[in-house]
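Student: I've just opened this model and don't know where to look. Can we go through it together, starting with any space inside?

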Amino acid sequence: MKFFSPFKQTWSAWWRRSKLFRYLSLFGAFAAAALLIILPALSQPVTLRILMLAPDVASFKDTLVKEFEQQNPGIRVEILEGPNAANAVEDLYSSAFLLGNSPYDLINMDVVWTPKFAAAGWLMDLTGQVPQQELTGFSQNDLESGRYQDKLYRLPTRSDAGVLYYRKDLLEAAGLEPPKTFEDIVTISKTLQDKNAARWGYVWQGRQYEGLATVFVEALKGFGGYWVNPDTLEVGLDKPEAIRAAEFLRSTITEGISPPGVTTYIEEDTRRIFQAGEAVFLRNWPYVWPLANADDSPLKGKVGIMPMVPAVGRTDGGSCLGGWGLGIAKTTRHPKEALQAIRFMTSQEPQKRFITEAGFVPSRRSLFTDPDVTAKYSHYPQLLEISDNAVLRPSIAQYAQASDILQRYLSAALTNQRSPEQAMQAAAQETRRLLEAGKAAKRA
Ligand code: GLC
């Protein structure tokens, strides 16, 4: 301490003698304190927040986020784990944006959200922000579903298409061919249930939520019907084909092919039942494949996968197009870093590792036939065909409300509160009113 005493004396002398010295000392002390506070804040990494469907979190974190953070040490991606149902995640995003204090920078968007989110002004316009050559590799449907009124708002991270899984082992043992029609699903199910080969015939997602809309789109396509024509806004829910589609779904429950609980199931509930060996058929998405064939799965090597079949007499069944992509919240304080993140996460190589890890349907076409990918998933070339022919849900700004109407009435029909005919008529009328109100609002 002795060492400092001459300095201390000189400093005290100056402090007493000079006003200027006193001002300069105080200024110096303030500046040093400010630097101590500001500098660490400046070197803090930028954090990008995103909310995701719970079952998607692990693979997203282990591949895309991990690699992005390794290559961009100044940026962190914080994933908030959302619920399991797509529409519940949408509700959370929507309320955050409506309340105006959204904590999200990135938005993990289902294939049907873009029109609503863009029309509401919640998304950053990405048109011209991503070089054309980065966009050319995407499947057309996946990319187009990220546009609204000619502007681009979302880049696809993965596609999806509804598929039919069947117990190859049980069908082969009984000398049965895979089904070609809905009616075949029923007959094969009954045959195998009668032999006690499986407790249930067919499991599918019947809870009142977005997944039910996707199941219905497939049944509709199988009977040759439609929901809403996005160009004319014509509603087809009370047409005979749509009523038949609703009747078919209900009949699987009344005939004992599907468990009564099907009206409460979402994707993971049905996967667990199928994977436990309790059902012959499962309607679900391709993410099930690696799980059903995992080393600890009783079904390893016993499962077949195929496109969704149509009703008897028709040849054009259809899988529903699903899929997820990334948009940027208009309110983000980090638009530059957010764009960097979504360009990285949707680019070829990270995408390859992501979809190979999770068994998701690629949104980049070349990955369906990439030798590294097909070495693990030999069914991917077939998935490309399924996804090319997949049926889209109506691309309209009021999609969430239209889907909610359909889910409510369909659920009423499935749980015997209304006949399928009454339910579909009411759903059609309410959907027409919704779309008319939308048109009137546009005119005003
Ligand atoms: C899957 C699909 C998505 C769909 C959802 C319904 O996550 O990718 O498009 O809306 O299932 O449950």
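Tutor: Sure. In this predicted model, helix H10 supplies the largest share of the largest cavity's lining, 3 residues. A helix here is a DSSP run of H or I with at least four residues, numbered from the N terminus. A cavity is a set of points on a 1 Å grid where a 1.4 Å probe fits but cannot get out, and lining residues have an atom within 4 Å of a point.

Student: Which residues line the largest cavity?

Tutor: Phe 182, Tyr 202, Val 215, Glu 218, Ala 219, Phe 248, Leu 249, Arg 283 and Met 308. Two elements give two or more residues to that lining: H10 (210-223) and helix H11 (240-254).

Student: And how much space lies in the largest cavity?

Tutor: About 50 Å³. Searching the whole structure turns up 2 cavities of 30 Å³ or more, and the second largest holds about 40 Å³ of space.

Student: What lines the second largest cavity?

Tutor: Its lining includes Ala 86, Asn 87, Glu 90, Trp 113 and Tyr 399. Helix H4 gives the most, with 3 residues.

Student: New topic: how many aromatic pairs does the search find?

Tutor: It finds 18 across the whole structure. Tyr 93 and Phe 97 are stacked because their ring centres are 6.3 Å apart and their planes meet at 5°. Rings of Phe, Tyr and Trp (its six-membered ring) pair with centres within 6.5 Å; planes under 30 degrees apart are stacked, over 60 edge-to-face, the rest tilted.

Student: Where do Tyr 93 and Phe 97 lie?

Tutor: Both are in H4 (residues 86-99), 4 residues apart, which is about one turn of the helix.

Student: Is Tyr 93 buried or exposed?

Tutor: Tyr 93 counts as buried, because its relative accessibility is 0%; the cut-off for buried is under 20% relative accessible area with a 1.4 Å probe, protein chains only. Phe 97, at 9%, is buried as well. Tyr 93 also makes an edge-to-face pair with Tyr 104, 4.9 Å centre to centre and 70° between the planes.

Student: How many residues apart are Tyr 93 and Tyr 104?

Tutor: They are 11 residues apart, so the pair links distant parts of the chain. Tyr 104 is buried, like Tyr 93.

Student: Which residues do ring pairs link into a cluster?

Tutor: Tyr 93, Phe 97, Tyr 104, Trp 113, Phe 117, Trp 122 and Trp 324.

Student: Any fine print?

Tutor: Residues are numbered from 1 along each chain as its sequence is written, and side-chain values use heavy atoms, without hydrogens or water. Local features need pLDDT of at least 70 and side-chain atom pairs 80 or more, while totals for chains, interfaces and linings use all residues.

Key:
Buried < 20%, exposed > 50% of the residue type's maximum accessible area, 1.4 Å probe, protein only. 1 Å grid on protein atoms, 1.4 Å probe; cavity = no way out; pocket = protein on both sides within 12 Å on 5 of 7 lines; lining within 4 Å. Points joined across faces, edges and corners; volume = space filled by probe spheres on them.
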